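Reader: I would like to learn how to read a structure such as this one, feature by feature. Could we take each feature in turn, with the general idea placed before the particular case?

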Amino acid sequence: MTAAQERKVQREKLEQVRAETLEIVLTGVCPDCDSALKRNLALHGWWQCEQYGDGHFRARPDEPQCDWQGFTA
């Protein structure tokens with residue numbers, strides 16, 4: 001496979017992942033734990049489960065952490 005073909009395949013994979021993430025974001029619900037989603041304003045298009053991260057970052061610190069995050073940009 002040539003370098004150009006590899007780049008094309010990679011772009012197609014990234015677009016597929018972005019489209020899948022956008023579908024999830026449009027629901028507003030985490031696919032892993034059913035919590036709400038929130039934008040992380042540090043980077044454009046970065047979305048996370050509201051239960052992502054350390055306790056003080058989570059919506060409900062006493063409930064389990066979730067690691068779902070995705071990019072739509």
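Reader: How many bridges join β1 to β2, and do these strands run parallel or antiparallel?

Author: Strands of a sheet pair through backbone hydrogen bonds, either parallel or antiparallel. In this predicted model, β1 and β2 run antiparallel and are joined by 4 bridges. Within this pairing, K38 stands opposite Q48 of β2. The two strands form a hairpin with 5 residues between them, and in the turn G45 has a positive phi of about 85 degrees.

Reader: What is the order of the strands in the sheet, and which are the edge strands?

Author: The sheet is an open one of 3 strands, in the order β1-β2-β3, and its pairing is antiparallel. The edge strands are β1 (37-40) and β3 (69-71), each of which pairs on one side only. Neighbouring strands of this sheet are turned against each other by 30 degrees on average, with direction ignored. On the other pairing, β2 and β3 run antiparallel and are joined by 3 bridges, and W47 has G70 in β3 as its bridge partner.

Reader: Where does α1 lie with respect to these strands?

Author: The angle between a helix and a strand is read from their directions. Here α1 lies across β1, β2 and β3, and runs at about 120 degrees to β3.

Reader: Is Q48 buried or exposed, and with which residues is Q48 in contact once its neighbours within four places in sequence are left aside?

Author: It helps to begin with the place of a residue and then to ask about its accessibility and its partners. Q48 is in strand β2 (residues 46-49), and it counts as buried because its relative accessibility is 5%, where the cut-off for buried is under 20%. With neighbours within four places in sequence left aside, Q48 is in contact with A36, L37, K38, N40, W68 and Q69. One of these contacts can be described further: the side chain of Q48 makes a polar contact with the side chain of N40, at 3.3 Å.

Reader: How many salt bridges does the structure hold, and what separates the partners K8 and E12 in helix α1?

Author: For a salt bridge one reads the distance, then the spacing of the partners in sequence, and then their accessibility. The structure holds 4 salt bridges, among them one between K8 and E12, whose closest N and O atoms are 3.7 Å apart. K8 and E12 are separated by about one helical turn, because they are 4 residues apart in helix α1 (residues 3-27). K8 is partly exposed, with a relative accessible area of 46%, and E12 is partly exposed as well, at 45%.

A further salt bridge joins the side chains of E15 and R18, at 2.9 Å from N to O. These two residues are 3 apart in helix α1, so about one helical turn separates them. E15 counts as partly exposed at 40% relative accessibility, and R18 counts as partly exposed at 25%.

Reader: Which residues do salt bridges with shared partners join into one network?

Author: Here one starts from a single pair and then looks for shared partners. E63 forms a salt bridge with R60, in which the closest N and O atoms are 2.8 Å apart. Salt bridges that share partners join E50, R60 and E63 into one network. Of these residues, E63 is partly exposed, with a relative accessible area of 34%, and R60 counts as partly exposed at 26%.

Reader: Where does C33 lie, and how far from D67 is C33 in sequence and in space?

Author: A residue in a loop can be placed by its flanking elements and by its contacts. C33 lies in the loop between α1 and β1, and counts as partly exposed at 33% relative accessibility. C33 and D67 are 34 residues apart in sequence and 9.5 Å apart in space, from C-alpha to C-alpha. With neighbours within four places in sequence left aside, C33 is in contact with C49 and C66.

Reader: Why is the protein chain described as more spread out than a compact globule?

Author: The overall form is read after the elements. The protein chain has 1 helix and 3 strands, which run α-β-β-β from the N terminus on. Its radius of gyration is 15 Å, well over the 11 Å that the globule rule gives for 73 residues, so the chain is more spread out than a compact globule. Its C-alpha atoms fill a box of roughly 50 × 20 × 20 Å, taken along the principal axes, and 26% of its 73 residues count as buried.

Definitions and conventions: Residues are numbered from 1 along each chain as its sequence is written. This is a predicted model: local features need pLDDT of at least 70, side-chain atom pairs count only at pLDDT 80 or more; totals for chains, interfaces and linings use all residues. Side-chain values use heavy atoms; hydrogens and water are left out. Buried means under 20% relative accessible area, exposed over 50%, partly exposed in between (1.4 Å probe, protein chains only). A polar contact is a pair of N or O atoms within 3.5 Å; within protein, one must be able to donate a hydrogen and the other to accept it, and residues adjacent in sequence count only if both atoms are side-chain atoms. Contact means heavy atoms within 4.5 Å. Two strands pair if DSSP finds at least two bridges between them. Axes are lines fitted to C-alpha atoms, for helices over the stretch in contact, and angles run from 0 to 180 degrees between N-to-C directions. The radius of gyration is taken over C-alpha atoms; the globule rule is 2.2 Å times the number of residues to the power 0.38.
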